[in-house]
Each structure stands twice: as C-alpha cells, then as structure tokens.
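These are my notebook entries on a structure that I looked up part by part. I began with the sheets and then turned to the pockets.

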Amino acid sequence: MKYLPTLLAAAAALSASFFATAPQAADDPSSAVYAEALKGKRIVLVPMAMGFDLAQGWAAILQREIDTFGGVFETRDPNWSVEAGAQAITEVISSETKPDVLIVMSPDLNSYSKLMKRAQAEGIYVVLVDNPANFKADAYVGSDWTQLGRLEAEAVVKGCGPNSSKKIGLVQGDQVNATSLYQYAGIMDVLAKYPDFQVVAKPDSNWDATTSRNVTTTMLQQNPDICGIIDFWDGDATGAAAAIRDAGKQDQVFLVTTGGGEKAADCDRIADGTYGAVVMTELAQETHNMVAIIKYLLQSGQAPGTSSPFIYTLLKATTKENLRPDSCWDLKALQAEAAAK
C-alpha cells in the first residue's frame with residue numbers, strides 16, 4: 001500500500017496531460033456548404049400524368065427528401081396530353097421563380113427536346129426520368145429499356161416452355177416512345193437466339209387498356225394456340241389479361257409485362273396468376289437516384305448541359321417462383337407515410 005499515493009499521483013498527472021492535449025471540438029464546415037447549396041432550391045416534376053402509380057410513388061419520396069433538405073417541390077399534371085405537358089414546361093421555364101431542377105418524363109423521343117434545351121439555356125438542370133429522349137439531359141434516371149425487353153423475352157420463352165406452340169404475341173405501346181421502341185429491340189434480340197419461337201402478332205395499344213384488350217382478343221382469335229404474350233406496360237396489360245380471361249385461356253397463355261413494382265398493380269396480379277412475370281423497376285431506388293443526382297448537380301457548380309450520365313435502375317423479372325413479401329411497394333402505405341411527415 002506504500003506505493004498507492006505515488007500511483008495516484010502518476011494517474012492524476014497522466015489524466016491532466018491527456019486533457020490538456022486533447023483536440024478541441026470543431027464544427028464540420030461541410031454541413032453548412034451542403035445546406036447553403038440546397039436550401040430553397042425549387043424542383044419541378046412533369047411526368048406524363050400524375051394519376052398513375054409511378055408518378056405518385058416518385059412524388060411521395062421526392063417530396064419527403066426535398067422537404068428534408070429545405071427545398072421546394074412541385075408537380076405538374078399533363079394528364080397524358082403532350083400539348084399540356086409542353087405548356088406546363090413552357091410556363092415553368094417562363095415563371096419569375098424559375099426552378100433549379102426540372103424532372104421530365106418525356107412522352108416520346110422528340111416532343112420536348114427544344115423546350116428542355118431552352119430550360120438548360122435558362123440555367124435549369126434537366127433530369128429525364130424513365131423515358132429516354134433525343135436530348136442531352138443533365139442525367140437520365142430509369143430503366144435500360146433494351147435490357148428490360150431482353151428480360152421479358154427470356155421470361156416468355158421460359159413461361160411457354162419447349163413443348164408449347166412457341167407462338168408469341170406482342171402488345172406494343174406505340175412507334176414513337178423510346179420505351180416501346182427499345183423494349184421491342186431487346187425482345188427481338190433475345191428471340192433471335194430461339195429461332196423456333198415466332199412472333200405471330202405485334203399490334204400497338206397506344207398505352208390504353210381497352211385497346212390492349214381489343215387487339216389481344218383479335219390476336220387470340222387468329223392464333224388460338226398462342227402460348228405467350230408480352231404487353232409493354234402493366235397499365236394496359238390489364239386489358240390483355242381481361243381478353244385472355246374472356247377466352248378462357250388463363251392456363252394456356254403466359255402473360256408478361258413491365259411495371260414499377262407497385263403491390264396492387266404487379267405483385268397481387270402475379271400472386272393470383274393474372275401475370276406470369278413482371279419485369280419490375282425498383283421505384284424507391286430509382287427515386288433515391290434522382291435525389292442523389294439532384295443534390296450533386298446543385299452542389300457541382302457546373303453549367304446545365306455539361307455532362308449527361310445514365311443511372312440505370314436495377315431490373316428483375318418477378319414470377320410466382322421468386323415473389324417475396326418485399327418484392328413490391330405499397331402506394332397507399334407510401335402516401336400515408338409521406339402525409340404523416
């Protein structure tokens with residue numbers, strides 16, 4: 001015990017020395033720079049329409065994220081009208097409080113190109129979402145539609161099987177939208193590897209469920225032994241599914257489509273057998289990719305039109321075999337969560 005006072009004194013001296021030399025607390029300047037770059041920035045979303053799951057899902061997540069960093073988020077609803085969309089973009093560009101970022105879902109390859117170039121000339125960053133266009137956007141965020149078509153084709157070949165008629169029908173969107181044109185290219189790319197499989201019909205639906213139902217009915221009448229159909233969007237694939245059901249061919253025709261992975265639109269219909277496979281876009285990740293590129297652009301200091309990266313969203317063909325409880329997102333739950341915040 002005779003050494004205890006000495007030990008205590010040494011410990012006290014060491015402690016005093018440590019606190020004397022310990023670094024003082026310092027503020028991280030990065031957070032102030034971040035806040036200054038983002039606070040009050042205005043972001044406007046112009047989809048093809050606000051009345052469908054993809055646009056509503058994007059908007060809910062964007063609203064939450066942009067509110068969090070102190071920005072201002074707005075939407076415009078063209079309601080499937082190219083003219084109304086062009087007018088909305090024109091009004092946004094011409095407004096006194098111009099947006100800092102314009103997010104556009106282009107209806108086709110060319111309709112909005114001049115307007116988006118004008119936006120960049122006015123100092124507005126332009127982000128294309130989901131639909132490519134003939135325009136050098138500051139970023140494209142969405143699906144690789146050629147690859148998506150390849151996944152659809154592989155799914156329908158597998159769904160039909162080697163002992164089927166190997167007759168396939170396509171219900172395309174239209175002949176001007178990049179998603180339809182590139183999707184078709186991807187499908188044909190894969191089918192070239194399966195020469196026994198034949199595309200017996202490929203009408204357009206113009207993205208309308210009633211038209212999809214009518215053209216599918218005709219397709220089934222003309223090709224009663226068809227084994228698979230690829231409808232280019234779940235929004236109108238409900239029409240193709242109805243035609244298949246009306247013909248009593250649910251167990252014969254393997255229906256493949258693509259969608260944003262919303263529960264009621266996709267997973268519930270996979271589970272009940274309406275769809276054989278859905279090639280899904282991961283909407284939440286896609287939206288967070290948008291948020292990330294927006295944050296980057298607003299801090300970059302670069303002029304609009306400087307660079308044009310592509311940020312492709314992960315794609316997956318989902319069937320009953322790989323369907324999981326978390327395969328889809330729930331629009332009602334997402335909107336409720338956003339409203340609660």
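**Entry 1. A term to settle.** Before listing partners, I noted that two strands pair if DSSP finds at least two bridges between them. I also noted that this is a predicted model.

**Entry 2. Strand 10 and its neighbours.** I first looked up the partner of V278 and found that its bridge partner in strand 12 is T318. Strand 10 and strand 12 pair in the antiparallel sense, over four bridges. I then turned to strand 9, which pairs with strand 10 in the parallel sense, also over four bridges. Here G259 has M280 of strand 10 as its bridge partner.

I followed the chain between these two parallel strands. Strand 9, helix 10 (residues 263-271) and strand 10 form a β-α-β unit, and the unit is right-handed.

Is strand 10 covered on one face or on both? I found both faces covered: A277, V279 and T281 lie on one side, V278 and M280 lie on the other, and all are buried. The count agrees, since five of the five residues of strand 10 are buried. For this I took buried to mean under 20% relative accessible area.

**Entry 3. The sheet with mixed pairing.** I next placed strand 10 in its sheet. The sheet is open, has six strands in the order 7-6-8-9-10-12, and shows mixed pairing. Strand 7 (198-201) and strand 12 each have a single partner strand and stand at the edges, so one side of each has no neighbour in the sheet. From one strand to the next, the twist averages 25 degrees.

I checked one further pair in this order. Strand 6 (residues 167-171) and strand 8 (residues 228-231) run parallel and are joined by four bridges. In this pair, V171 stands opposite D231 of strand 8.

**Entry 4. The sheet with parallel pairing.** I recorded another open sheet of six strands, with the order 2-1-3-4-5-11 and parallel pairing. Strand 2 (72-75) and strand 11 are its edge strands, each pairing on one side only. The twist in this sheet averages 20 degrees from one strand to the next.

I chose strand 5 (residues 139-142) for a closer look. Which of its residues point one way, and which the other? A139 and V141 point one way, Y140 and G142 point the other way, and all are buried.

I then looked up the neighbours of strand 5. Strand 4 (residues 125-129) pairs with strand 5 in the parallel sense over three bridges. V129 has V141 of strand 5 as its bridge partner. Strand 11 (residues 310-312) also runs parallel to strand 5, and three bridges join the two. Among the partners in strand 11, F310 is matched with Y140, and Y312 is matched with G142.

**Entry 5. The largest pocket.** I turned from the sheets to empty space. Rolling a probe the size of a water molecule over the atoms shows where such space is left. The largest pocket holds about 550 Å³ of space. It is lined by 25 residues, and F254, L255, G273, Y275 and G276 are the closest to its centre. Helix 6 (145-160), helix 9 (234-246) and strand 9 (254-259) are the elements that give two or more residues to this lining. Which element gives the largest share? I found helix 6, with four residues. Sorted by class, the lining has 11 nonpolar, eight polar and six charged residues.

**Entry 6. The second largest pocket.** The second largest pocket holds about 230 Å³ of space. Of the 16 residues in its lining, M280, E282, D326, S327 and C328 lie nearest its centre. I recognised M280 from Entry 2, where it was the bridge partner of G259. At least two lining residues come from each of strand 10 (277-281), helix 11 (283-300) and strand 12 (315-318). Strand 12 gives the most, with three residues. By class, I recorded seven nonpolar, five polar and four charged residues in this lining.

**Entry 7. Closing note.** Strand 12 came up repeatedly in my search. This strand is at an edge of its sheet, pairs with strand 10 in the antiparallel sense, and supplies three residues to the lining of the second largest pocket.

Methods. Residues numbered from 1 in each chain as written. Predicted model: local features only at pLDDT ≥ 70, side-chain atom pairs only at ≥ 80, totals over all residues. Heavy atoms only, no water. Buried < 20%, exposed > 50% of the residue type's maximum accessible area, 1.4 Å probe, protein only. 1 Å grid on protein atoms, 1.4 Å probe; cavity = no way out; pocket = protein on both sides within 12 Å on 5 of 7 lines; lining within 4 Å. Points joined across faces, edges and corners; volume = space filled by probe spheres on them. Nonpolar A, V, L, I, M, F, W, Y, C, P; charged D, E, K, R; others polar. Right-handed = clockwise from strand over helix to strand, strands pointing away. Axes fitted to C-alpha atoms, helices over the stretch in contact; angles between N-to-C directions.
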